[in-house]
Amino acid sequence: MVAVLPGDGIGPEVTAQAVKVLEAAAAREGLTVRCRHLPVGGAAIEETGEPLPDEVLRACRQVDAVLLGAVGGPRWDGLPAERRPESGLLALRQGLGLWANLRPVKLYPALAGASPLRGDLVARGVDIMVVRELSGGLYYGKPSGRWADGSGYLAVDTMWYQSRQIERVARLAFDLAAGRTGRLTSVDKANVLSTSRLWRETVENLRAEYPGVAVEHMYVDAAAMEMVLRPWRLDVLVTENTFGDILSDLGGALVGSLGLLPSASLGDEGPGLFEPVHGSAPALAGQDRANPLGAILSAALLLRYCGAGERAVRAALRIEAAVGGVLEAGYRTPDLEETGSRPAGTAGYRVVGTAAMGDLVAEAIREG
Ligand code: NAD
Ligand code: IPM
Ligand code: MN
């Protein structure tokens, strides 16, 4: 059973395509997927007054995996912090005990022209696995809030990390690097932050246990530069919550659109959470213009990581291959057209809407 939480803005549109594709891929492998739709974020606030109703979290704990669209929007921006849609997402991540957020940033060769990088740079490829720590840092540290201080206001957010939080996510990143090209970049701000000095030391202490992995440490400001200048040097990148949030959007830009990036959030046990990296893009909502590929590729990660065995992993591969094929065939959502260097109307280059892109991928799976 999959809990489907469409959320707000473009969330419902892209999630509908992801479900369509998930079902098509599962069917090709003889699997059936049952989905249960539940409200989260602004949609849940409208229904119940809460961004993550207790019964929604309870239901999510009992399924095999959670597929989420996006939350948030201007309608709810004025609410107090704990009642905002975004708090519902943070409570869901925390309530499911998720601590690692995998955000693969991969350039599809067909989209080389959609990347803002120069052709000679993209020709060397972009394939970075961003591993974002998801349980700590500024997102959950207390105190957090705003107080009158006589001169005006004082606002505080708190960043703290325990070495055990750093160690578990670093181990996962080492393991991932060992299965890829063996290079791990740990990103911090150890020249300034205490949490980063603990981060660096904890990662460094694991080095000897992973002789097959070459670890380097990089400050986050330099890492942002490196991602743009020499992205091919990076393989697995592990970093704390806020840095990972920021660098992964930069990764989206590198490969042609934030709308392409999927993510998988995993914990020790229980269901994982699968969601595109992008947000609710309120300006695009309801126009059939959003790119559904980040959500669709999140459904592939769901199949790969939900523990449903080999057939589910094969279904994931089918989705990824179908996405590559549809892009090779020249289909683009408007976001890819805007950054792309090829003019619309070129033979084989067709701009399609959200639902049509979902249909094309599902069709490619049925025929593949
Ligand atoms: P955003 O990711 O929604 O949009 C950033 C930019 O990328 C916009 O120009 C948008 O049009 C574009 N974009 C994003 N997804 C796209 C897609 N699938 N196809 C085409 N273009 C796409 O971020 P934002 O504008 O900073 O935030 C909007 C709202 O989303 C806020 O309420 C924010 O809190 C929320 N948000 C939610 C999540 C989440 O649910 N995981 C993530 C990020 C932001
Ligand atoms: C993301 C989003 C969320 C985050 C927000 C909406 C809470 O930006 O998933 O990247 O910062 O984690
Ligand atoms: Mn983000």
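Where is the place of Asp235 in this protein? Asp235 sits in the loop that runs between helix H8 (220–229) and strand E10 (236–239), in a model that is predicted. Before the surroundings of Asp235 are described, an overview of the whole chain is useful.

## Overall form

The protein contains 13 helices and 14 strands, and its C-alpha atoms fill a box of roughly 60 × 50 × 45 Å when the box is taken along the principal axes. A compact globule of 368 residues would have a radius of gyration near 21 Å, and the protein, with 20 Å, agrees with that expectation. Of the 368 residues, 51% count as buried, while the surface that the protein exposes comes to about 15,600 Å², with carbon and sulfur atoms supplying 53% of it. Among the contacts with a separation of 6 or more, 74% are accounted for by residues 24 or more positions apart. As for charge, there are 37 positive and 44 negative side chains, and the centres of these two sets lie 3 Å apart.

## Polar side chains in buried positions

Asp235 has a relative accessibility of 3% and therefore counts as buried, since the cut-off for that class is under 20%. The side chain of Asp235 is joined to that of Arg180 by a polar contact of 2.7 Å. If neighbours within four places in sequence are left aside, the residues in contact with Asp235 are Asp127, Ile128, Met129, Ala177, Arg180, Thr181, Gly182 and Arg183.

A second polar residue, Gln165, is found in helix H6 (residues 163–178) and is buried, with a relative accessible area of 4%. The side chains of Gln165 and Ser135 are joined by a polar contact of 3.2 Å. Ser135 also appears among the residues that Gln165 touches beyond four places in sequence, the others being Glu133, Gly136 and Trp160.

## Helix H6 and helix H7

Ile166 likewise lies in helix H6, and its relative accessible area of 0% places it among the buried residues. Beyond four places in sequence, Ile166 touches Tyr161, Thr195, Leu198, Trp199, Thr202 and Val203. One of these partners, Thr195, lies in helix H7 (residues 194–206) and is buried, with a relative accessible area of 14%. Thr195 in turn touches Met159, Trp160, Tyr161 and Ile166, again not counting residues up to four places away in sequence. The C-alpha atoms of Thr195 and Tyr161 are 6.0 Å apart in space, although the two residues are 34 residues apart in sequence. For Ile166 and Arg304, which are 138 residues apart along the chain, the C-alpha separation is 24 Å.

## A buried loop residue

Leu96 is found in the loop between helix H4 (85–95) and strand E4 (98–106), and at 9% relative accessibility it counts as buried. The residues that Leu96 touches, with those up to four places away in sequence not counted, are Leu57, Cys60, Arg61, Val66, Glu269 and Pro271. The C-alpha atoms of Leu96 and Ala65 are separated by 11 Å, with their positions 31 residues apart along the chain.

## Backbone geometry

Most residues other than glycine have a negative phi, and most peptide bonds are trans. Against that background, the peptide bond from Lys142 to Pro143 is cis, with omega near 5 degrees; Pro143 is found in strand E6 (residues 141–148). Ala281 has a positive phi, as does Asp288. Ala281 is found in the loop between strand E12 (272–274) and helix H10 (293–305), and the place of Asp288 is likewise in the loop between E12 and H10. Both the phi values and the accessibilities are set out below.

| Residue | Phi | Relative accessibility | Class |
|---|---|---|---|
| Ala281 | near 35 degrees | 28% | partly exposed |
| Asp288 | near 60 degrees | 37% | partly exposed |

Which class does Asp288 count in, buried or partly exposed? At 37% relative accessibility Asp288 counts as partly exposed, whereas Asp235, at 3%, counts as buried.

Definitions and conventions. Residues are numbered from 1 along each chain as its sequence is written. Chains are lettered from A and ligands numbered from 1 in the order in which they are written. This is a predicted model: local features need pLDDT of at least 70, side-chain atom pairs count only at pLDDT 80 or more; totals for chains, interfaces and linings use all residues. Side-chain values use heavy atoms; hydrogens and water are left out. Helices (H or I, at least four residues) and strands (E, at least two) are DSSP runs, numbered from the N terminus. The radius of gyration is taken over C-alpha atoms; the globule rule is 2.2 Å times the number of residues to the power 0.38. Buried means under 20% relative accessible area, exposed over 50%, partly exposed in between (1.4 Å probe, protein chains only). Contact means heavy atoms within 4.5 Å. Accessible areas come from the Shrake-Rupley method with a 1.4 Å probe; for residues, only the protein chains shown count as cover. Lys and Arg count as positive and Asp and Glu as negative; His and the chain ends are not counted. The place of a charge is taken as NZ of Lys, CZ of Arg, CG of Asp or CD of Glu. A polar contact is a pair of N or O atoms within 3.5 Å; within protein, one must be able to donate a hydrogen and the other to accept it, and residues adjacent in sequence count only if both atoms are side-chain atoms.
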